[in-house]
Amino acid sequence: MPISVPKADSLKELFNLKGKVVVVTGASGPKGMGIEAARGCAEMGADVAITYASRAEGGEKNAKELAETYGIKAKAYKCQVDKYESCEQLVKDVIAEFGKIDAFIANAGATADSGVLDGSVEAWNHVVQVDLNGTFHCAKAVGHHFKERGSGSLVITASMSGHVANFPQEQTSYNVAKAGCIHMARSLANEWRDFARVNSISPGYIDTGLSDFVPQETQKLWHSMIPMGRDGQAKELKGAYVYFASDASTYTTGSDLVIDGGYTTR
């Protein structure tokens, strides 16, 4: 059965997520892409399940804030995406608590701090295991549920680094993993064509606090390479996540949305 056309006509209704359940992995930070994606979905009425890997306090705090601010149901779960069993358990737990999953935002990730020659084999394996295999684990775990229900939307956080090699920092493992995420979304869109949509978002330099340790000189160089001349704010990605999670994008699958201030145009 092909994915059906939504009954609603008005854009407000198409973007409305009331009655839907959205899972967002990697949403324990105070201003990261994960929590902003969760805020966007909650703002549009969705109940949300968010995950943390190690920052339990941050996850619980964010869930409480989401529930209080938007009047929706929110719960934080521990999930280590590099282990399939953890993702499988997450899906089971969310379905037991919320009844279903309508959209799954696979956002949890790890950054690289070395190139191929100066980094260890373990460093490479860690980044690929979290960023690429972790996304696969999430997809496989929730995909069975989507197939059973005959509907669902998987949104993968990729990166502009899946399109280009960043400069001056060496991070080949990350670039390769994110390129894999983009093609995973395309390939899964085809594989799951009868029951679910799969898309990816490729952000550029987003001020999430993760790059605070980077020297000012390097950050200045980054900004000089971005046509818009600045980092993005995570809230500037909210609309994209909501679009892909909602019925506003029912004919959109296998697509990658680059949100990078123009970085990849040069």
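Where is the place of Leu117 in the chain? Leu117 sits in the loop between strand S4 (103–106) and helix H5 (121–149). Helices (H or I, at least four residues) and strands (E, at least two) are DSSP runs, numbered from the N terminus. The model is predicted: local features need pLDDT of at least 70 and side-chain atom pairs count only at pLDDT 80 or more, while totals for chains, interfaces and linings use all residues. Residues are numbered from 1 along each chain as its sequence is written, and side-chain values use heavy atoms, with hydrogens and water left out.

**Exercise 1. Characterise the surface around Leu117.**

Step 1. Classify the residue. Leu117 has a relative accessible area of 83% and is therefore exposed; the classes are buried (under 20%), exposed (over 50%) and partly exposed in between, with a 1.4 Å probe and protein chains only.

Step 2. Identify the patch. Leu117 joins Val116, Trp124 and Val176 in a nonpolar surface patch of about 420 Å². Patches are made of residues with over 30% relative accessible area and no salt bridge; like charges are joined within 9 Å, and nonpolar side chains (Val, Leu, Ile, Met, Phe, Trp, Tyr) within 5 Å. Accessible areas come from the Shrake-Rupley method with a 1.4 Å probe, and for residues only the protein chains shown count as cover.

**Exercise 2. Determine which parts of the chain are joined by the salt bridges of Asp247, Lys238 and Glu97.**

Step 1. State the criterion and the total. A salt bridge is a side-chain nitrogen of Lys or Arg within 4 Å of a carboxyl oxygen of Asp or Glu. Side chains of opposite charge can pair when their charged atoms come close. The structure holds 13 salt bridges.

Step 2. Treat Asp247. Its side chain meets that of Lys20 in a salt bridge, at 3.2 Å from N to O. This pair links distant parts of the chain, 227 residues apart: Asp247 is in the loop between helix H8 (238–245) and strand S9 (256–259), and Lys20 is in the loop between helix H1 (11–15) and strand S1 (21–24). Asp247 is partly exposed at 29%, whereas Lys20 is buried at 18%.

Step 3. Treat Lys238. The side chains of Lys238 and Glu43 form a salt bridge at 3.1 Å, N to O. Lys238 in helix H8 and Glu43 in helix H2 (residues 33–43) are 195 residues apart, and the pair links distant parts of the chain. Lys238 is partly exposed at 21% relative accessibility, and Glu43 is partly exposed at 44%.

Step 4. Treat Glu97. Glu97 forms a salt bridge with Lys75, with the closest N and O atoms 3.6 Å apart. Glu97 belongs to helix H4 (residues 84–98) and Lys75 to strand S3 (residues 74–78), so the pair ties together parts that are 22 residues apart in sequence. Glu97 is partly exposed at 35%, as is Lys75 at 34%.

Step 5. Add the network. Glu36, Arg39 and Glu65 are linked in a network of salt bridges.

**Exercise 3. Describe the environment of Ser246.**

Step 1. Locate the residue. Ser246 is found in the loop between H8 and S9 and is buried, at 0% relative accessibility.

Step 2. List the contacts, defined as heavy atoms within 4.5 Å. Leaving aside neighbours within four places in sequence, Ser246 is in contact with Leu14, Phe15, Leu17 and Arg197.

Step 3. Examine the polar atoms. A polar atom of the Ser246 side chain lies 3.1 Å from the backbone nitrogen of Ala248.

**Exercise 4. Explain why Cys87 and Cys138 are not bonded, and place Cys181 in context.**

Step 1. State the criterion. A disulfide is a covalent bond between the sulfur atoms of two cysteines. Here the cut-off is a pair of cysteine sulfur atoms within 2.5 Å.

Step 2. Apply the criterion. The structure holds zero disulfides. The sulfur of Cys87 is 4.0 Å from the closest cysteine sulfur, in Cys138, and this is too far for a bond. Cys87 is buried, at 1% relative accessibility.

Step 3. Consider Cys181. Cys181 is in no disulfide, and the nearest cysteine sulfur, that of Cys138, is 10.0 Å away. Cys181 is buried, at 0%.

Step 4. Identify a neighbour. Thr135, in helix H5, is buried at 3%. Not counting residues up to four places away in sequence, Thr135 touches Ala106, Val130, Ile156, Cys181 and Met184.

Definitions and conventions:
A polar contact is a pair of N or O atoms within 3.5 Å; within protein, one must be able to donate a hydrogen and the other to accept it, and residues adjacent in sequence count only if both atoms are side-chain atoms.
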